[in-house]
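Here are some short exercises to work through at your own pace. Take a look at the sequence and the 3D structure before you begin.

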Amino acid sequence: MRFLKRLSRFLRRKKEEVVKKKLPLTSDPRKLGLLLALPAVIITVIVLLYPLAIALYESFFGGFVIGRHSFVGLENYIKVFTDSVWRSSIFFHFLFFVCALGGEVVIGLGIALLLNRKFLGRGVIRTIFVVPFMVAPTVIALMWIWILEPSIGIANYILGFTLGLQPKWLGEVVTARFSIIFVWIWAKAPWDALVFMAALTGLPKEPYDAAKVDGASRWQIFRHLTLPDLKPAFAVLFLLRGIMLVREFDIPFVLTRGGPARSTEIMSTWAYKVFFKFGQMGKGYAMGIINTIICVAIIAVIYYTTRKWGQE
Amino acid sequence: MKEKMVEEIIKAEERKKKIKRVSLYITICLIAFFIVSPVLWLLLTSLKPAVETYDPSRILPSHLYLKNYVYIFSDKFTWNYGWAPRYFLNSIFVSIATVFLVTIIGAHIAYALAKLKVPFSKYIYLGFLFLFAVPDMTLAMSVYSFFADIGLLNTLHGLIIVLTVRVLPFAIWLMTTFFAQFPIELEDSGRIDGCSRLGVFYRVVLPLSKPALVVTAIYVFIFAWVNLLFSLTLITSTRNYVLPLATVMFVEEMKIVWGPLCAWGILAVIPCVFFALFLQKYIAAAIIVRPKG
């Protein structure tokens, strides 16, 4: 009892001390923290949140870019949902997302496992692997347009005398979609491989040696030791690459411009066309808002599923 | 008898090891070739005259044909497509300015979130992360009319501001991760030596965080250099075009003339590759910093 009384007196006195001390601005960590964080928050609010709020507001109004304004309620949203090209763009974007993310992570991991031993020229490999990451996606798309040119591109030339196939890569629906996914994986897998290689070299060796002594097969070691050890790397990659993929624009846009008969439109390319090319502002804003909700939802799912992985 | 058997077993083991080694190197070469070959092909095509570009069986150019590159800087090209160096200069300006802004603003808020007890810091951090997930196109649409109203529409400065805001969450994420691991003993020793709280940031933490700042700067530079979407939507006159946008314009208009087009591609790639070679060590450090985030 007495101890509790003493404790409460002690705490009360401490509280008075803290309240009485008026710390100067740059010494109080909390105030200083807010001050330092202020520029970032201000600029984000002005350039990101405010325009988004405008977009939300304007999405309830009709009219073209140079037309007149009139409140139309949810009509723009209905227009978006009934737009078959929009639905197909969501479908292909989802397909692209799953295939490209899965492909790049799997191939990156495969390469990293293959190269997870000592060899000469490690630095050279690192430099080479970083190259696709540094080259602009625009130029990457340019490269692959040239390679996949049906009549004079080198891809069809090689395919021609080996397999006798001459597909119109970017001119047909299936091959165009495949090409976009392929080019993305080509561009991003090497960097993922580097991330995995760095993660693999940081792993402790004892569990692996112990497992080998105990007679575990390579597959068992991979499944029960390697994969769980790599969870942080997976978490980072899925989150970052996921965000990059939902926001993607450059590669599909330059490669196919929306593709043969609009089959390779993704969220961003179709929204671009609706708003900037066709001038349908209201519908464009509505599409933008809906796409934002979808993207944030996907990223939220990825974030919350991989949060535990990163805390190993 | 036994010794012979043991010898043979040892020899077989060594042969296996050699085969494994050789196949490892072959695999490495194949992978490296697969990654580098498109860029190589771009380079080779840029060195061919038009006639040779139409013949895919010709892998190597017959001679070093530099006229494609000369053409890009010639008057005829400038008449049709604008003065080429201008696009490079615009890109350099935009990228460096973005790096500047993002690093300065981002470092402050990252330090605040990591070390100072900012109220709601976790929510601010998450907020930035989800803002980072907002698709670019929505932002471009909304910023388009906003900038049109305040006169920032066709300007490089507007582009810089938008790019800064777009990549800020990423820079914050990188730097917060780093600052959170910064040893508090160093900060405390700075305070004991008489620094104010803010002084600790400028005099102790920042100078010792150079690797993290450089890594962030590299990522932001690449992001700004390479970005197409915002320049496509917010820049309307060719005077203000940046490199990726100019590349898209050339792809559209130069369609069949592959020689100069590939030459332009190589020119656009050279700064990035140069960057990669020059800053390879930092990039390697970057990749190691990240997985622990």
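The exercises below concern a predicted model, and each comes with a worked solution.

**Exercise 1. The interface between the chains**

Find how many residues of chain A and chain B are in contact, and how much area the two chains bury between them.

Solution. Step one is to count residues: 96 residues of chain A touch 90 residues of chain B. Step two is the area, and here a general remark helps: the size of an interface is often given as the accessible area lost when the parts come together. For chain A and chain B this comes to about 8,700 Å², with 82% of it on carbon and sulfur atoms. Step three asks who contributes: A:Met134, A:Trp146 and A:Arg247 supply 10% of the area that chain A buries against chain B, more than any other three residues.

**Exercise 2. Polar links and the makeup of one side**

Work out how many salt bridges join chain A and chain B, and which helix of chain A gives the most residues to the side that touches chain B.

Solution. Start with the charged pairs: there are 2 salt bridges between the chains. One pairing is A:Arg257 with B:Glu252, whose closest N and O atoms lie 2.8 Å apart. Next, count the residue pairs in polar contact between chain A and chain B, both at pLDDT 80 or more: there are 8. Helix α2 (residues 29–58) of chain A is the top contributor to the side of chain A that touches chain B, with 21 residues. Finally, sort the residues of that side: 74 are nonpolar, 13 polar and 9 charged.

**Exercise 3. Two helices from two chains**

Decide how helix α6 of chain A is oriented relative to helix α1 of chain B: parallel or perpendicular?

Solution. First find the crossing: the axes of α6 (residues 137–147) of chain A and α1 (residues 2–46) of chain B come within 10 Å and cross at roughly 75°. An angle from 65 to 115 degrees counts as roughly perpendicular, so α6(A) is roughly perpendicular to α1(B). Then look at who touches: α6(A) brings residues including A:Trp144 and A:Trp146, and α1(B) brings residues including B:Trp41 and B:Leu42. The contact has 9 nonpolar residues, 1 polar and no charged.

**Exercise 4. Two helices within chain A**

Do the same for helices α11 and α14 of chain A: which orientation do they have?

Solution. The axes of α11 (residues 231–246) and α14 (residues 281–306) come within 9 Å and cross at roughly 175°. Angles over 145 degrees count as roughly antiparallel, and α11(A) and α14(A) are therefore roughly antiparallel to each other. Among the residues in contact are A:Phe238 of α11(A) and A:Tyr303 of α14(A).

Technical notes: Residues numbered from 1 in each chain as written. Chains lettered and ligands numbered in written order. Predicted model: local features only at pLDDT ≥ 70, side-chain atom pairs only at ≥ 80, totals over all residues. Heavy atoms only, no water. Contact = heavy atoms within 4.5 Å. Buried area = accessible area lost by both parts, 1.4 Å probe. Salt bridge = Lys/Arg side-chain N within 4 Å of Asp/Glu carboxyl O. Polar contact = N/O pair within 3.5 Å; in protein donor to acceptor, adjacent residues only side chain to side chain. Helix = DSSP H or I, 4+ residues; strand = E, 2+ residues; numbered from the N terminus. Nonpolar A, V, L, I, M, F, W, Y, C, P; charged D, E, K, R; others polar. Axes fitted to C-alpha atoms, helices over the stretch in contact; angles between N-to-C directions. Parallel < 35°, antiparallel > 145°, perpendicular 65-115°, else oblique.
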